[in-house]
Amino acid sequence: MADQTADDPSPYQRSGQATPSGSPIPFPHAHLGGKPARRRIIVAGAGIGGLTAALALERAGFSVQVLERSQQSGEVGAGIQISPNAWRVLDALGVTPFVEETASKPQAIQVNSVRAGGTIARIPLGQEALKRFGAPYCVFHRADLHNGLMRAAESRTFIEINRGLALADGVEDEDGITVEMQGETGVSSSRAEALIGADGVWSTVRRRLLRLPSADYAGRVAYRATIPVEDAPELANYTGLWMGKDAHLIHYPIGSGRQINLVAVVDDDWREENWSAPADQEEVLSHYAGWPLAVRKLLERPQSWLKWALCDIGPGTIWAEGRIALLGDAAHAMLPFMAQGGAMAIEDAWVLARCLADEPDVDEALMEYERKRKQRVERVVRSARDNARTYHMNGVMALARDTGIRYLGGQRLLSRYDWLYKWQPE
């Protein structure tokens, strides 16, 4: 593929409007031999956030090296929800052709209460969401979305993905940062203008290089499993939420509708830095004693369960210092009760690339990235914490919650997310 950076600014570069996939965001170039020399960025982590960052930076005219400690390409977890705000970024980056066939598009969110014994609201999605927000609300198997991002990244000339290389250290100077990497053959180093830590909740960049505290355990555990859609065909077209005392359950279709993803979240004290610890079915069911029979029968269907401790990072910590910045869970791990962890990482990637493209001073560009993102992301973090409390209410509080949800109804409940889903990549 030829260098996509044009000498003559495109209409997008002049106007700042949306651009066809592959067109660069403008940035000041240093010219060597009449051709623009691409500035180099290192991204630690080849998950959803890291790959989106690589794509956004490459599109902005940068050369990107991605470090991934795992030898195998893959993404831990089952389902991920991609709301319209995140879909717009993927579309602008040319990713949607790589993932569209594996997307499921639920027609509604059905909100159920154990206290009420069933459904209390139905929030429209499908065509209604597309009409209201101008982009679809999609759900994926995480591996499908990750594979699509990986294929998109591997198709770009100026993205280099190094598997089996773990970030070990980084040393800044006036001209850039030298990153040390540990692989099977020993330690090597690489130079870049900036290092982006997209290496997840247990980020090495966060803890070792920026010396920031780890994410905090939130006192909740999520059990996850998938079942074939044939085991529960009645769940194939919508997302379901069941709220109850000290627990809730979410289910939605993934894998082009071939599977149903189950996420059962409970208040618990178990904690471990592991996304894939095995769990026993009886352990899961013990948290749902007394729930409606239909819910318990659904929880009996998976052959196996995995569990992980839920963590988040509260407001007030830094995301960027010098030539190092954090992105996604490494910067702002959040509870999954807004279904926005992946979406916020995808938005981060877009804004980060724009800031680095628009501002030649790397330190200032990374600080501007933090300034532009922090207020919005922290609102999502707070909203997720609020939902965590709301979903697990009991007694009079649950009655008040159910009454309020019924009063608002599906359309007004959907409109309360306008601030989130109508976000546009600029």
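The exchange below concerns two sheets and two helices in a predicted model.

Biologist: Why are strand 6 and strand 7 called paired?

Modeller: Pairing requires at least two bridges. Six bridges join strand 6 (residues 108-113) to strand 7, and the two run antiparallel, so the pair meets the definition. One of these bridges links glutamine 110 to arginine 122 in strand 7.

Biologist: What makes strand 20 and strand 21 count as a pair?

Modeller: They share two bridges in the antiparallel sense, and at least two are needed, so they qualify. Glutamate 321 has isoleucine 324 of strand 21 as its bridge partner.

Biologist: Where do strand 20 and strand 21 belong?

Modeller: They are in an open sheet of six strands, ordered 9-4-3-13-21-20, with mixed pairing. Strand 9 (159-163) and strand 20 (320-321) are its edge strands, each pairing on one side only.

Biologist: And which order do the strands of the eight-stranded sheet have?

Modeller: The order is 7-6-15-16-17-14-19-18, in an open sheet with mixed pairing.

Biologist: Why are strand 7 and strand 18 said to stand at the edges?

Modeller: Strand 7 (118-124) and strand 18 (277-279) each have a single partner strand, so one side of each lacks a neighbour in the sheet. From one strand to the next, the twist averages 25°.

Biologist: What does helix 12 lie across?

Modeller: Helix 12 (residues 362-391) lies across strands including strand 14 (216-228) and strand 15 (239-244), at about 60° to strand 15. Helix 12 also lies across strand 13 (194-197), strand 20 and strand 21, at about 15° to strand 21.

Biologist: Which strands does helix 13 lie across?

Modeller: Helix 13 (residues 395-415) lies across strand 6, strand 7 and strand 15, running at about 20° to strand 7.

Definitions and conventions
Residues are numbered from 1 along each chain as its sequence is written. This is a predicted model: local features need pLDDT of at least 70, side-chain atom pairs count only at pLDDT 80 or more; totals for chains, interfaces and linings use all residues. Side-chain values use heavy atoms; hydrogens and water are left out. Helices (H or I, at least four residues) and strands (E, at least two) are DSSP runs, numbered from the N terminus. Axes are lines fitted to C-alpha atoms, for helices over the stretch in contact, and angles run from 0 to 180 degrees between N-to-C directions. Contact means heavy atoms within 4.5 Å.
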